[in-house]
Amino acid sequence: MKLRKIGVQLLTYFLVLGGFTAITYWGSQAVSVVAQMIPLEREHTIVIDAGHGGEDGGATSCTGKLESAFNLEIALKLDDLLHLLGYDTRMIRTTDRSVYTEGDTISAKKVSDLKNRVKTVNETENAVLVSIHQNTFSDSRYSGAQVFYGPEGESKALAEQLQSAFCQTLNPGSSRKSKKADSVYLMQHIDCTGVLVECGFLSNQEEEAMLRSREYQQKLCCVIAATVAGFLGNANT
Ligand SMILES: [Zn+2]
């Protein structure tokens with residue numbers, strides 16, 4: 001790894017980790033000014049997709065909380081952090097709602113919802129998509145974040161870096177590998193670099209409790225924001 005790359009990553013991690021504290025004292029504008037001094041290239045707009053929403057709650061956790069709520073809480077924190085790093089962002093949703101614009105049946109609304117998400121990503125110039133979801137499984141033993149990637153751009157490389165960052169920080173001992181998002185409509189139809197992050201398993205009691213906590217959500221966002229920023233600062237996407 002080149003020295004400059006290490007320097008940029010250290011600066012990024014420092015800024016991200018200090019960001020939540022700093023914003024309390026300095027206000028978001030001052031922090032953004034500091035963020036602009038970090039030598040990262042920011043020609044990209046990060047589209048943040050909080051998966052599901054509204055009548056589509058996604059999975060249900062072992063304590064009865066809907067996946068759509070976890071996704072939104074994490075997506076909003078990620079939005080804050082990426083702003084701290086000086087990035088423009090675009091949120092697919094900022095409230096508990098589906099983003100369909102037509103359809104009378106549940107399945108027609110779902111199709112419209114997914115098409116609108118794709119449209120938002122594809123009409124955003126120099127977009128990089130980060131889609132936030134949660135996992136579940138019938139066997140409650142399984143835990144840990146897993147990153148999926150779309151077919152375009154630098155998706156695979158970004159997913160590998162992000163997966164490895166999770167394994168080195170929040171999921172020590174995890175041997176999970178990033179995977180191609182073969183059956184995810186959104187990921188298959190975007191025309192830019194994109195990753196889908198399954199932040200953890202809502203079927204695992206211990207992990208679900210962590211995923212509900214503000215602290216753990218912030219840590220997740222630190223890993224995602226720092227890795228995406230470090231990656232974009234060094235890659236030609
Ligand atoms: Zn989901």
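**Figure 1. Ile48 and its bridge partner in strand E2.** The partner of Ile48 in E2 is Met91. The model is a predicted one: local features are taken at pLDDT of at least 70, side-chain atom pairs at pLDDT 80 or more, and totals for chains, interfaces and linings from all residues. Numbering starts from 1 along each chain as its sequence is written. Helices (H or I, at least four residues) and strands (E, at least two) are DSSP runs, numbered from the N terminus. Strand E1 covers residues 45–50, and E2 covers residues 88–91. The two run parallel and are joined by four bridges. Strands count as paired when DSSP finds at least two bridges between them. Five of the six residues of E1 are buried. Here, buried means 20 or more other C-beta atoms within 10 Å of a residue's own, exposed means 12 or fewer, and partly exposed lies in between; the C-beta atoms are placed from the backbone.

**Figure 2. The β-α-β unit around helix H3.** E1, H3 and E2 form a right-handed unit. Right-handed means that, with the strands pointing away from the viewer, the path from the first strand over the helix to the second runs clockwise. H3 takes in residues 67–84. Its 18 residues should span 26 Å at 1.5 Å a residue, and the end C-alpha atoms are indeed 26 Å apart. The expected span is 1.5 Å times one less than the number of residues. Of the 18 residues, 13 are buried, so the rest of the structure largely encloses H3. Gly86 follows the helix, with a positive phi near 90°.

**Figure 3. The sheet, strand by strand.** Six strands make an open sheet in the order E2-E1-E3-E6-E4-E5, with mixed pairing. E2 and E5 (179–180) stand at the edges with a single partner strand each, so one side of each lacks a neighbour in the sheet. E1 pairs with E3 (residues 127–135) in the parallel sense, over six bridges. E3 also runs parallel to E6, joined by seven bridges. Ser131 can be used to trace the middle of this view: Asp49 stands opposite Ser131, and Ser131 stands opposite Leu196 in E6.

**Figure 4. Helix H5 on the sheet.** H5 packs on the sheet and touches E4 and E6. Its direction makes about 30° with that of E6. Axes are lines fitted to C-alpha atoms, for helices over the stretch in contact, and angles run from 0 to 180 degrees between N-to-C directions. H5 spans residues 155–168, 14 in number. From first C-alpha to last it reaches 20 Å, close to the 20 Å expected. Its buried residues include Leu158, Leu162, Ala165 and Phe166. Polar residues such as Ser155, Gln161 and Gln163 are buried in H5 too.

**Figure 5. The largest nonpolar core.** A nonpolar core is a set of buried Ala, Val, Leu, Ile, Met, Phe, Trp, Tyr and Cys residues joined through C-beta atoms within 7 Å. This one has 55 residues. Those with the most contacts inside it are Leu78, Val130, Val195, Val197, Ile224 and Ala225. Among the elements giving two or more residues are E1, H3, E3, H5, E6 (193–201) and helix H8 (214–234). H8 gives the most, with eleven. Leu78 has contacts with Ile48, Val130, Cys221, Ile224 and Ala225, leaving aside neighbours within four places in sequence. Two residues are in contact if their C-beta atoms, placed from the backbone, lie within 7 Å.

**Figure 6. Loop residues His52, Glu55 and Asn126.** His52 lies in the loop between E1 and H3. Its phi is positive, near 65°, in a residue other than glycine. His52 is buried, with 25 other C-beta atoms within 10 Å. Glu55 is in the loop between E1 and H3 as well, but it is partly exposed, with 14 such neighbours. Glu55 and Lys110 are 55 residues apart in sequence, yet 9.6 Å apart in space, C-alpha to C-alpha. Asn126 sits in the loop between helix H4 (106–122) and E3. Its phi is also positive, near 50°. Asn126 counts as partly exposed, with 14 C-beta neighbours inside 10 Å.

**Figure 7. The whole chain.** The protein has eight helices and six strands. Along the sequence they follow the pattern α-α-β-α-β-α-β-β-α-β-α-β-α-α. Buried residues make up 43% of the 237. Of the contacts with a separation of 6 or more, 78% join residues 24 or more positions apart.
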